[in-house]
Amino acid sequence: MSLPQFRLLRPRTLDEAVGYLAKHTDKLRVLAGGTDLIPSMRQKLFEPEYVLDIRHVVELKGIQPRAGEGVSIGALTSLSTIEHSDFLRRHYPVLPEAAATVASPVLRNMGTLGGNICLDTRCLWYNQSLTWRKGCGFCIKKDGDLCHVAPGGSKCWAVFSGDTPPALLCLNAEVEIAGPSGLRRLPLREFYTGVGDAYRKLRPSELLTRVFLPEASVDYLGVYRKLRVRGSIDYPLAGVAVVLKRSNGHVSDARLAITAVNPAPLLVKGASEMLAGKVIDEALAEAVGDLAAKTAKPLTTSALTPEYRREMIRVFAKRAVLAANN
Amino acid sequence: MTDFTIIGKPTAMVDAAGKTTGAGKYADDLSLPGMLVGRILHSPFPHARIKRIDTSRAEKLDGVVAVVTGKDAPNPYGILPVGHDEHALATDKVRYVGDNVACVAAVDESTADKALELIDVEYEVLPAYFDPEDSMKAETELIHDNKPHNLEKDYHHVFGDPEKAFAEAAHVAEARFIANEVTHAAMEPHCTLASFEIDSLTGKPGRLTVWSSTQVPYYLQHKLSLVLEMQMSQIRVIKPLVGGGFGGKSEVIPLEIIAAVAARAARAPVKITYTREEVFWAHRGRPRTIIDLKTGVDKDGHITAVKARVVQDGGAYCSYGVVTILYSGALLGALYDIPNIQYDGYRVLTNKPVCGAMRGHGTVNVRFAFESQLDELALKLKMDSAEIRRRNLLKPPCITINGLRVQSYGLPECIDKVVERSGWKNRIGKLPKGRGLGIACSHYVSGAANSIIRSDMPHSTVNIKIDRDGGVVVYTGASDIGQGSDTMVAQIAAETLGCSMARVKVVAADTDLTPIDIGSYSSRVTFMNGNATLRAAQDVKKQIATAAARKMACAPEDLVFREDKVSKNHVGAGGLPALAEQGSPSPHQQSSVSGRVEGQILRGSLQQKRKDEGPKDQLTFEEAVVAAIDFHGALSGTGSYAPPAEARGGKHKGAGVGPSPAYSYSAQVAEVSVDEETGEVTVHKVWASHDCGRALNPVSVEGQIIGSVWMGMGQALTEEMVWKDGMLMNPGLLEYRSPSSVESPEIEAIIVESVDPEGPFGAKECSEGSLAATIPAIANAVYDAVGVRLHESPFTPERVLAALRAKKNAKTLNLTEGVDPTSPVRFREHGGSLWFRGKGPERHAQDPSRRESVVKAGGDD
Ligand SMILES: Cc1cc2nc3c(=O)[nH]c(=O)nc-3n(C[C@H](O)[C@H](O)[C@H](O)COP(=O)(O)OP(=O)(O)OC[C@H]3O[C@@H](n4cnc5c(N)ncnc54)[C@H](O)[C@@H]3O)c2cc1C
Ligand code: SF4
């Protein structure tokens, strides 16, 4: 499968990059690690006139602890850097753990945190070659007007399948976005729309530049559990992240987020309240699992049956809570 | 005769350096000046009549050199003489999504891709058949007009008196098993480069050379000659390095013909490399199979009768289908002693990519069912699973009830070895809950005793030439596809000639240079090409011995060839008798004795000097070779192999498939654990013993065993082609899940050597037979672990969990679309593990899949 033709733009500074974005807006796609974009371009899911390769914008790389203010992570930081960062492992362990489950070592060397956050939503009826999609009929997310997954409706349910965002949500991460009118900051939980096609709140002229983890989230116990058929390569078919803090054996604060079962990664509402002040045991963990399963809305966008994936959210949430407590 | 210098020693592959450094060339690495890129337009419909194709817009695109369609090469072909139902490009109908419609040859890939978009095809969509049991009921709009009820072929065999035996059996088990569809997923996608020489007299395309990723260069040459209406002698097929085949390259794949047709039209070399999706469409993998199996045993656990009804979902063309369905029945025999067999096999056409031969061809799915059922019977008898297998051993040499001749038979030792190494006796049934052991056996042919194209021609011929400096060149048609046949050939030649491996160069799989070998499939190469190599080497060795004996003033029989020396029997380490027992006297022998007078041609001072020194006790290999060349004028030999008449099977219809000169045997124990909350199965270890007759190259044998187990594990746990209305939902290696290194278990490969009387140095096959045992070994281990008996493969977590929940009467969760994996009744139209209540493509109103009302999708908000 050949790549469609495009012009490659290679800015060296953030300003230059933002300049290109302002100039070409919706005729352009951002390329970070390219591990998601390039396969999709081969499948002709994107045929942009320009590709903005931001890999040489050094200011977007690296993990910078900021005294008393948490840490700032550049969007271009590779997932393997995050996976192996001693600082993150010590203070925000759920993030490196989640990063380490993405794809395979080779892809983690290329793939970036920004790319993982901005990752296109996935669907078996969409992530296919042009020939395939022609044979099947186009759908709402690309070139068509119906949905194969939920035929009656007019909404796209393509599923968000990134591994790090549930961990980031648990850590109350914020993202920094650069655009023609400067920088803006947004809690990550407000970044996603919850629909499968226009899945993120990022204007075509904008770029994700940094991720901030607040000081308040430091040193939480954390666990990420991922459902995949193979131990490597596979995207999550369901994923659960949990963080918690204890004092005197009681949970003082906790958050739980799920991924790969909805068009957005989601914090499970009510989980914090359910856990707060309690001593974790099997029954409590199970109750949290049930709650998480209610938040999950898996559909036939992915392998394994939706019922199974929802059930695994329940099991994995329970296990994650118990494991984090250990 | 076990004191070998090369045979039986771990030997590095002769092509290893090229492969590891990247210097080795695969088909896609090749290019020619002026070469064009070919891209194929595929059908978007599973079944449609082509009313009109207009290629004019594509032809006008800058950079496009030729566009070809069905009318450019209308002759039908197919791998089997009874199945010539394919065309290079569709002539009237398309029969699966991905069928080949047209091909563009252009200056580069993106131009060719663009041109494909400009080809206008008008289709009349026809009702399509996706489920074999549905398809068999079809009366109209047949997939092929000459195949009523879309039945490619059915066979009905009865050996002995199964009905009586069932009536008298102490226990009878009967069940339906379903094995979903898998494909080879070889690392190298198919690639073909075709180039015509322009005939200097006519200016028209003349001789054709094709470089292709193929397991069967000779068949490719043959089919090209049919389709292109050229003499075979005008076509040269060269097989470069091949990155795995597993059966997926064991017949002529559409691109191989299409590249040649496009090259002829474009008058320029054309290369086509499949995308991974196209590899999935080209397929030729293992068909979805329904197995209704009934087995009876007496009270002591002896099998009294087996009855199998097998339905294979073969896809849109015949391919190897007739052979596959016959193997499924024939290889019920030759593993155990079964006195009564009934077999009803149906190979059914459906509007899906074509199934063909895949590692363990025809035997694997039935073996899964059989070995699972045998365990169920052992349970009824309260008998140990290893024991019931021991009770049913054959007593070779023998001929089975269905006409298969069995000679060497290492199965008893295979079972003993895995039982011992796995600690079976102390551990079976005693592992903690959730962990279990399972045992299963399997076998496979060492090549088919009857070739696809019925004839008396040898199945393999090998030529050897030796030069004055002692360089040995072996010309073999054997196709090394990564399995190591070049190394095997070099080893046999070197061992027989008593020279070092470094002297031997193998020229392989080039139809202009190498004599015919019918290809790398049905695990025939070591046995057949190995025997031909052995005979060719013996032929030249005899010639060397004659000349050397004169120099050494002894009888040729008194010479020993070993470690680059030719010695009188009493000299040196002793060892091999001068001429191996095997093989027939060579026709060259007589003619060459009357050869020239020594020294007439080359009067090298060395030879003269040696002559003056009088007879010697020992010659170096070079000296012996020089003597032979001086004496005979040239030093070359040839050897052929054809299976013996006694091994060619019975007389019933279809008896030609199944017979083999020798069978390999395998026994395996798998240790697994099952997560009862998630249904995930983890394979911790597999003990796999394999009787390969003799391990010519033990590392290579171990590699094949490990590879077979691993591939079997893929089919057992994760690999599955998933369909929706003829669309393959997972045409890529991301969603078609072959195991990754993470979940690959430890595999203890145990070599058993039964030394076959007819194999080269006693060798038999070792690359397919092990696969089939893995799936039931895992199934049986899952039963031991958690007490659920899975009748549908692969054992994906949702299937295992559904079975566990059903067993516990837990709150039912509809995890597998209402199909109970412990007693499945039908294929889900879309295969297994996805629950598509989705819409899918709009198709013909009469599509079977359209008749049922589509359930609303699960978005319950
Ligand atoms: C075989 C395979 C397996 C995979 N498995 C997993 C998995 O298990 N889990 C998982 O989470 N992912 C998986 N991925 C997806 C991908 O590798 C990762 O998500 C990776 O983190 C993406 O980062 P990238 O830098 O390569 O993204 P890119 O491909 O460069 O970009 C992805 C998308 O984000 C946009 N984008 C990237 N950076 C920015 C930015 N700074 N500002 C604005 N937009 C931006 C791009 O325009 C594009 O649309 C897999 C991919 C492959 C090919
Ligand atoms: S959810 Fe529906 S609209 Fe969205 S990508 Fe899948 S099929 Fe298309």
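**Polar contacts, B against A**

I started with the polar contacts between chain B and chain A and got 18 residue pairs, both partners at pLDDT 80 or more. Worth keeping in mind: this is a predicted model.

Next I asked which elements of chain B supply two or more residues to the side that touches chain A. My list reads helix 3 (109–117), helix 8 (276–282), strand 29 (727–728) and helix 21 (797–808). Helix 3 of chain B has the largest share of that side, with five residues. By class, I noted 20 nonpolar, 20 charged and twelve polar residues on the side of chain B that touches chain A.

**Extent of the B–A contact**

I then looked up how many residues take part: 52 from chain B and 50 from chain A. The two chains bury about 4,100 Å² between them, and 60% of that lies on carbon and sulfur atoms.

For salt bridges across the interface of chain B and chain A, my tally is six. I pulled up E677(B) with R319(A), where the closest N and O atoms sit 2.9 Å apart. That pair passes as a salt bridge because the cut-off is 4 Å between the side-chain nitrogen and the carboxyl oxygen.

**Domains of chain B**

I turned to chain B by itself. Its domain assignment gives three entries, which I copied down:

- Domain 1 covers 31–126 + 188–243 + 249–282.
- Domain 2 covers 148–183 + 284–451 + 648–804.
- Domain 3 covers 457–641.

Taken over C-alpha atoms, the centres of domain 1 and domain 2 of chain B are 36 Å apart. Their contact takes 23 residues from domain 1 and 28 residues from domain 2.

**Domain 1 against domain 2, chain B**

About 2,100 Å² is buried between domain 1 and domain 2 of chain B, with carbon and sulfur atoms giving 60%. Which three residues supply more than any others of the area domain 1 buries here? I found L80(B), Y96(B) and F280(B), which supply 30% of it.

On the charged side, I get two salt bridges across the interface of domain 1 and domain 2 of chain B. I also checked R284(B) and E86(B), whose side chains meet in a salt bridge at 2.9 Å, N to O.

Polar contacts across this domain interface come to ten residue pairs, both at pLDDT 80 or more. Helix 8 of chain B gives the most to the domain 1 side, with five residues. I sorted the domain 1 side by class as well: twelve nonpolar, eight charged and three polar residues.

Helix 8 of chain B turns up in both of my lists: the side that touches chain A, and the side of domain 1 that touches domain 2.

Conventions: Residues are numbered from 1 along each chain as its sequence is written. Chains are lettered from A and ligands numbered from 1 in the order in which they are written. This is a predicted model: local features need pLDDT of at least 70, side-chain atom pairs count only at pLDDT 80 or more; totals for chains, interfaces and linings use all residues. Side-chain values use heavy atoms; hydrogens and water are left out. Contact means heavy atoms within 4.5 Å. Buried area is the accessible area (1.4 Å probe) that two parts lose on being put together, summed over both. A polar contact is a pair of N or O atoms within 3.5 Å; within protein, one must be able to donate a hydrogen and the other to accept it, and residues adjacent in sequence count only if both atoms are side-chain atoms. Helices (H or I, at least four residues) and strands (E, at least two) are DSSP runs, numbered from the N terminus. Ala, Val, Leu, Ile, Met, Phe, Trp, Tyr, Cys and Pro count as nonpolar, Asp, Glu, Lys and Arg as charged, and the others, Gly among them, as polar. Domain bounds come from an automatic or database domain assignment.
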